[in-house]
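I opened a notebook page for this chain and set myself the task of looking up how its helices pack. I shall keep the entries short and go through one contact after another.

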Amino acid sequence: MESRKGFHLSRLHAILAPAHRYLHHVSASDRLRLEALVRDRNAPQKQVWRAEIVLSSADGFGTNEIRCRTGKSKTCVWRWQERFTQEGFEGLLRD
């Protein structure tokens, strides 16, 4: 479907709401693993903030709120949302 000016509406949606394309649900078992990772004092900090991004997304926070909470860029937030969606918890552990 196209708008009057020829801009494809699905493309507009992809630009305006990319975070919601990637993460809609986190299973109970994944949530437990993510929360344990955040609490683990010996976990690498990069894995902790990745888990925080996923948990905040699952809790319904938008990209801007997640950026404020984690201090990471918009593209960084999207990258880890997408990685979790595609590869699950294990995807957050690798670079």
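**Entry 1, α5 and α6.** I looked first at α5 and α6, which are roughly perpendicular to each other (angles of 65 to 115 degrees count as roughly perpendicular, under 35 as roughly parallel, over 145 as roughly antiparallel and the rest as oblique). Their axes are 9 Å apart and the packing angle is about 100°, where axes are lines fitted to C-alpha atoms, for helices over the stretch in contact, and angles run from 0 to 180 degrees between N-to-C directions. I noted that helices are DSSP runs (H or I, at least four residues), numbered from the N terminus. Thr63, Ile66 and Arg67 of α5 meet Lys74, Val77, Trp78 and Gln81 of α6, contact meaning heavy atoms within 4.5 Å.

**Entry 2, how far to trust this.** I wrote down that this is a predicted model, in which local features need pLDDT of at least 70 and side-chain atom pairs count only at pLDDT 80 or more, while totals for chains, interfaces and linings use all residues. Residues are numbered from 1 along each chain as its sequence is written, and side-chain values use heavy atoms, with hydrogens and water left out. The chain has a mean pLDDT of 84, with 75% of its residues at 70 or more (pLDDT is the predictor's confidence in each residue, from 0 to 100). Confidence is lowest in helix α1 (residues 9–16), with a mean of 44, and highest in helix α3 (residues 28–39), at 97. Over residues 7–16 pLDDT stays under 50, and the model has 9 contacts beyond four places in sequence for them.

**Entry 3, α3 and α4.** I then found that the axes of α3 and α4 come within 9 Å and cross at roughly 135°, which makes α3 oblique to α4. Among the residues making the contact are Leu34 and Val38 of α3 and Val48, Ala51 and Leu55 of α4.

**Entry 4, α4 and α5.** Helix α4 (residues 45–58) and helix α5 (residues 63–70) have axes that come within 10 Å and cross at roughly 150°. On the α4 side I listed Trp49, Glu52, Ile53, Ser56 and Ser57, which meet Ile66, Arg69 and Thr70 in α5.

**Entry 5, aromatic rings.** How many aromatic pairs does the count come to? I got 1 aromatic pair, by the rule that rings of Phe, Tyr and Trp (its six-membered ring) pair if their centres lie within 6.5 Å, with planes under 30 degrees apart counted as stacked, over 60 as edge-to-face and the rest as tilted. The ring centres of tryptophan 49 and tryptophan 80 are 6.4 Å apart and their planes are at 80°, so the pair is edge-to-face. Tryptophan 49 lies in helix α4 and tryptophan 80 in helix α6 (residues 74–87), so the pair ties together parts that are 31 residues apart in sequence.

Key: Helix = DSSP H or I, 4+ residues; strand = E, 2+ residues; numbered from the N terminus.
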